[in-house]
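Okay, thanks for squeezing me in today. I'll put the sequence and the model up, and then we can walk through a few spots together.

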There are 2 protein chains.
Amino acid sequence: MEIAILLYEGVTALDAVGPYEVLHMAPDAQVKFVATRPGLVRTDFGMLNLNADYALADVPNPDILLVPGAPDPGAAMGDEAVLAWLRDAHATTTWTTSVCTGALVLGAAGILVGVRATTHWMALDALGQFGAQPTSERVVRDGKIMTAAGVSSGIDMALSLVAEQWDTPTAQEIQLIIEYDPEPPLQAGSPDKAPAAVREGVIAKYGAMLGG
Amino acid sequence: MEIAILLYEGVTALDAVGPYEVLHMAPDAQVKFVATRPGLVRTDFGMLNLNADYALADVPNPDILLVPGAPDPGAAMGDEAVLAWLRDAHATTTWTTSVCTGALVLGAAGILVGVRATTHWMALDALGQFGAQPTSERVVRDGKIMTAAGVSSGIDMALSLVAEQWDTPTAQEIQLIIEYDPEPPLQAGSPDKAPAAVREGVIAKYGAMLGG
C-alpha cells in the first residue's frame, strides 16, 4: 500500500505525523511525504521543518491519500498543481483522507461536493463553502473519503482506517505499540467540554485564521 | 522559555512531534530541534526525515529538555557527545523530560538514578538498569523530571507540563486548539487492555528491540 502524505508551507506537523505513525506500521505500508518540490517544508510556527522526500509527480497513484491541515492552508488551497494532483490521485485511491483543515484543501480541489466530512471545529462552517456536509464528529467516513477533526484526531482516524483496510488485530497491535491509551490531564479538548472563557480565548486568537 | 527537543538517528517521530505541538503554543515558548549535527535526521522506519535546525552546542542551557524515544535508542545512548550535553543541560533545566525510550537515554546519561520514571511498557525493565525506579504510569513526575510512557503519551505529558509551568487555562487552550479529545476506535492501547494475542504478537515482533 502506497500512502502519500501531502506537505506544504505552513502545515501543522502533528496532523501529518500522528496518522503517519499509525499507518507506516501497517503491513506492506510505504508512506511517502510529497510536496510541490521535494525538500524541507516549514511547518506552521516556523520551529520545525519536515522533509518531503518526493515531488507530486513521483506519486501519481497512491492507494491512500492524506492531506494534513494548517492554521492557514492557503499555500495548498491556492496551488493549482496541488489541487490537480489531488483530483487525479483521488480518482484511483482506495482511501482519500484529511486531518483538520486538510478537508478545506480537499474541498478546494472539488472532492467534497455532497460528501459528509469534518474538520477542525473552528473551520466547520468554512467547509460548507465547498459543497460538503459539515459534520461535527471526530472521524467521518463517507464512502472512501475519511476526514478527521482538529490536529490530534488524525491518530483516531488512522487507527479506524487500518481496522477497515487491514483488520482489527492489526490496528490493535499498532495501538499497543504506540501505547495509545490517552489520559488527557484536562478535559478541554472539544468546544463543548472546554470552559467558555477558554473557548472564547481560542476563537479570539485563531478563529479568523481557521474560519478563513 | 527555550525548549530543546533532541533528535537522533532512528528516533520515533511522534515522540517528538506530539509534545512539540503542545509546547510550542505556550506563551513565549521557543522550540529548538537539536542534534549532534544540524540537518536531516532519519526517523525509525526510514520514511520520514525531520530537520534538526540546531547543533547541541547551539542550545547549551534549555529551560525544558525533551528526549524522544526510538525502537532502538542506541544512536543516542552510545553517543558520548549527546550524553555529556544532556548531563550539562540537565544541571540548569527547569524541566527535564522524556517520551518512550527517551528515558533510557536519560538513564544512560546518569540522570535517572533513584528517580521514579516511566517509559514504553516493553522497556520498563530496561529502565531499572540505570538506577531508576520503573513506574507503570502514563506520565510520571519526580521533582523536575517528567517522563512519559510509549510514543503517544508525550501529548499527555506536554499538557501536564504546560499546566504546571504556565497554568491550567493555557493548557486548556492548547488542548482545545489541537482538539485533543481522543476517541480511540479500539481499546488496545495498554498491555492490560489489549487482547492477549495482540500483546504477545507485539512482544514477539518488538520485545527484543525495546528491551535491549
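One definition before anything else: when I say buried, I mean a residue with under 20% relative accessible area, while exposed means over 50% and partly exposed is whatever falls in between. And keep in mind that what you're looking at is a predicted model.

Let's use that definition right away, on helix 7 of chain A, residues 168–177. How many of its 10 residues are buried? Eight of the 10, so helix 7 is largely enclosed by the rest of the structure. If you want to click on them, the buried ones are A:Thr170, A:Ala171, A:Gln172, A:Glu173, A:Ile174, A:Gln175, A:Leu176 and A:Ile177. Just past the end of helix 7 in chain A you hit A:Glu179, which takes a positive phi of about 45°. Hold on to A:Glu179, because that residue also turns up in a contact list for chain B.

Now zoom out to chain A overall. Its secondary structure comes to eight helices and 11 strands. The radius of gyration is 16 Å, and the globule rule gives 17 Å for 212 residues, so chain A is as compact as a globular protein of that length. In box terms, the C-alpha atoms of chain A fill roughly 45 × 40 × 35 Å along the principal axes. Of those 212 residues, 65% count as buried. If you take the contacts in chain A with a separation of 6 or more, 63% of them come from residues 24 or more positions apart.

On the surface side, chain A exposes about 7000 Å², with carbon and sulfur atoms supplying 48% of that. For the electrostatics people: chain A carries 11 positive and 25 negative side chains, and the centres of the two sets sit 6 Å apart.

Okay, over to chain B, and helix 1, residues 13–23. Here 11 of the 11 residues are buried, so this helix is largely enclosed by the rest of the structure too. The buried set includes B:Asp15 and B:Glu21, along with B:Leu14, B:Val17 and B:Tyr20.

Follow the chain on into the loop between helix 1 and strand 2 (30–35) of chain B, and you find B:Asp28. B:Asp28 isn't a glycine, but its phi is positive, about 60°. Is B:Asp28 buried or exposed? Exposed, at 71% relative accessibility.

Chain A has a residue to set beside that one. A:Val151 also isn't a glycine, and it has a positive phi of about 30°. You'll find A:Val151 in the loop between strand 11 (145–148) and helix 6 (153–165) of chain A. With a relative accessible area of 6%, A:Val151 is buried.

Now the residue I spent most of my time on: B:Arg138. It's in the loop between strand 9 (133–134) and strand 10 (139–142) of chain B. Why does an arginine like B:Arg138 count as buried? Because its relative accessibility is 6%, and the cut-off is under 20%. Which residues does B:Arg138 touch, once you leave aside neighbours within four places in sequence? From chain A, the list has A:Glu179, A:Tyr180, A:Asp181, A:Pro182 and A:Glu183. From chain B, the contacts include B:Thr118, B:Thr147, B:Ser152 and B:Asp156.

Two of those contacts are polar, side chain to side chain. B:Arg138 pairs with B:Asp156 at 2.6 Å, and with B:Ser152 at 3.2 Å. Also, B:Thr119 is 19 residues away from B:Arg138 along the chain, and their C-alpha atoms are separated by 8.3 Å.

Another chain B residue with a chain A contact is B:Ser160, in helix 6 (residues 153–165) of chain B. B:Ser160 counts as buried at 18% relative accessibility. Beyond four places in sequence, its contacts are A:Pro185 and B:Met146.

Last stop, A:Thr36, in the loop between strand 2 (30–35) and strand 3 (39–42) of chain A. This one is partly exposed, with a relative accessible area of 35%. Not counting residues up to four places away, A:Thr36 touches A:Ala55, A:Leu56, A:Asp79 and A:Val82. With A:Asp79 there's a side-chain to side-chain polar contact at 3.2 Å. And A:Leu7, 29 residues away in sequence, is 8.2 Å from A:Thr36, C-alpha to C-alpha.

That's my tour, so over to you for questions.

Methods: Residues are numbered from 1 along each chain as its sequence is written. Chains are lettered from A and ligands numbered from 1 in the order in which they are written. This is a predicted model: local features need pLDDT of at least 70, side-chain atom pairs count only at pLDDT 80 or more; totals for chains, interfaces and linings use all residues. Side-chain values use heavy atoms; hydrogens and water are left out. Helices (H or I, at least four residues) and strands (E, at least two) are DSSP runs, numbered from the N terminus. The radius of gyration is taken over C-alpha atoms; the globule rule is 2.2 Å times the number of residues to the power 0.38. Buried means under 20% relative accessible area, exposed over 50%, partly exposed in between (1.4 Å probe, protein chains only). Contact means heavy atoms within 4.5 Å. Accessible areas come from the Shrake-Rupley method with a 1.4 Å probe; for residues, only the protein chains shown count as cover. Lys and Arg count as positive and Asp and Glu as negative; His and the chain ends are not counted. The place of a charge is taken as NZ of Lys, CZ of Arg, CG of Asp or CD of Glu. A polar contact is a pair of N or O atoms within 3.5 Å; within protein, one must be able to donate a hydrogen and the other to accept it, and residues adjacent in sequence count only if both atoms are side-chain atoms.
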